[in-house]
Amino acid sequence: MEVDMSILETLQPSRFLSFAIPNPDPTLNPSLASPLIRIAVLDSPIQPSSPLIPSVAAMIVPKHRESDWIFSTESGHLQLLLSTPDIQRLILIGQEQQPIINGSSSSSIHRRWIDPDSLNNLEISLQPLVIALSPKSYFHNENLEVPFLCFEDNIVCSLVLEKCIGNFVGEILVEDVEIEGSDQSREFRRRLRFKRMPNLVQTEIRIVPNKVSCLDSVDIGSNSIEFSPDLGVLVHVYLVPMVASLALIGSCIEKHVESGLRPKALCLGVGGGALVGFLKTQLDFEVVGVEVDEEVLRVARKYFGLEDGDLVRVHVRDGMEFMDRLAHGDVVGNIVPQFDVIMVDLDSDDPRNGVSAPPIEFFRRDVLLAARSVLRESGIFVINVIPQSRSFYEKLIHEFQEVFPELYEINVGNVENFVLIAAKALP
């Protein structure tokens, strides 16, 4: 693809360009050893409030992660940019890769590769290129070079188990990863991700190798080792406070159990089923799960240990529509709409909002009223929130307080997530 470099001399909100150029020296650095280099340039959709000199940054795509949706898609690029305050243009540079065909598995194990000295030399050699890709106004303040950002996460290695397509969520990826343990121990996880929101892990569970006495011999992707889901541990940090919120109604649940009633939960957004499985296996709840995409449920059953049965019933429907039908007395699968808790774990499907949850439509008054009506008198409504902005979050809280008499907030402490707990009745 031939690109007119002059168009990059100015910023244009939301402009995205991706192209490949010949690698001038494939032997210079293992991070860029392919014959072609992929360049992706994205201008922020958010225009600065004052005409300041634009902030520009570049990032080298980590070796072996070139095909990861975080780096290979416009939506992933956008979320990287939005997670970096005040950047108006982000330039990604990586190896040109052949994409994995949808529906196929990959036996290739991607391992983290870090060589600080080599990476520093590469950044120096790429300065002329990133300067040429920067807007002219960037140099009005005598900027002589473009800073390089470093992408960091806790993944040591990863293996794609399957890629498939859901009718609603689009492209789906299941992967096994080894992550850095907090105490240098080895930890293995299984993850569910959607291409529409590349930087967000939809479901993450711990997996354990079968019939292995020493983890030192375990390798992801080994044909001789199989992994099993461990449903007794919640590894997504926001799920722990969501479950802990049940302590607010602990005495009421105990009374129900003493009278022969099993506690009931309605989970909107099943994903891989980590929360559903934990409520059933660890807390002995009867769980009704609602997931909009049948393919997501197929993946959950195959890879994440989701099991339908007497205590777990899963419905393929839109969560808000399902709850509305229950609230209006419609019979849906012989379900009695008297839940001790409703738990909502739904992300926004609009990448322009960055990583956010739940969909903005969920805060309509009619939706909140429907939720309230299907709860027991002692019931609580628990929702995972990743706010788009502070003003959005404040409006959300106001909408809740208009419907529920008592509202609690838990700051998960990871910068992103908050858990809101709305009580139907005052304690």
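**Close-up views of a predicted model**

**View 1. Helix H9 passes helix H10 in a right-handed crossing.** The model shown here is predicted. H9 covers residues 365-373, and H10 covers residues 390-403. Their axes come within 10 Å and cross at roughly 45°. Angles from 35 to 65 degrees are neither roughly parallel nor roughly perpendicular, so H9 and H10 are oblique to each other. On the H9 side, the contact is made by Arg365, Leu368, Leu369 and Arg372. H10 brings Glu399, Phe400, Glu402 and Val403. Sorted by type, the residues of this contact are 4 nonpolar and 4 charged, with no polar ones. Two numbers describe any such packed pair: the angle between the axes and the distance between them.

**View 2. Six strands form an open sheet with antiparallel pairing.** Read across the sheet, the order is E5-E7-E8-E9-E10-E11. Strands of a sheet pair through backbone hydrogen bonds. Which strands are at the edges? They are E5 (109-111) and E11 (227-230), and each pairs on one side only. Neighbouring strands are turned by 35° against each other on average, direction ignored.

**View 3. At one edge of the sheet, E5 pairs with E7.** E7 spans residues 155-166. The two strands run antiparallel and are joined by 3 bridges. Look for Arg111: it stands opposite Cys157 in E7.

**View 4. Strand E10 pairs with E9 and with E11.** E9 and E10 are antiparallel, with 5 bridges between them. A hairpin of 6 residues links E9 to E10. Arg190 has Ile205 of E10 as its bridge partner. Towards E11, E10 makes 4 bridges, again antiparallel. Here Ile207 is matched with Pro229 in E11. How many residues of E10 are buried? The count is 7 of 9, so E10 is mostly covered.

**View 5. Helix H7 lies across five strands.** H7 is made of residues 294-303. The strands it lies across are E7, E8 (170-180), E9 (186-194), E10 (201-209) and E11. H7 runs at about 135° to E7.

**View 6. Helix H2 is mostly covered.** H2 runs through residues 74-82, and 7 of its 9 residues are buried. Which ones are buried? They are Ser75, Gly76, His77, Leu78, Gln79, Leu80 and Leu81. These buried residues pack against four strands and one helix: E1 (16-22), E2 (36-43), E3 (56-60), E4 (89-95) and helix H1 (69-72).

Terms used
Residues numbered from 1 in each chain as written. Predicted model: local features only at pLDDT ≥ 70, side-chain atom pairs only at ≥ 80, totals over all residues. Heavy atoms only, no water. Axes fitted to C-alpha atoms, helices over the stretch in contact; angles between N-to-C directions. Parallel < 35°, antiparallel > 145°, perpendicular 65-115°, else oblique. Left-handed = near helix turned anticlockwise from the far one by under 90°. Contact = heavy atoms within 4.5 Å. Nonpolar A, V, L, I, M, F, W, Y, C, P; charged D, E, K, R; others polar. Pairing = 2+ DSSP bridges. Buried < 20%, exposed > 50% of the residue type's maximum accessible area, 1.4 Å probe, protein only.
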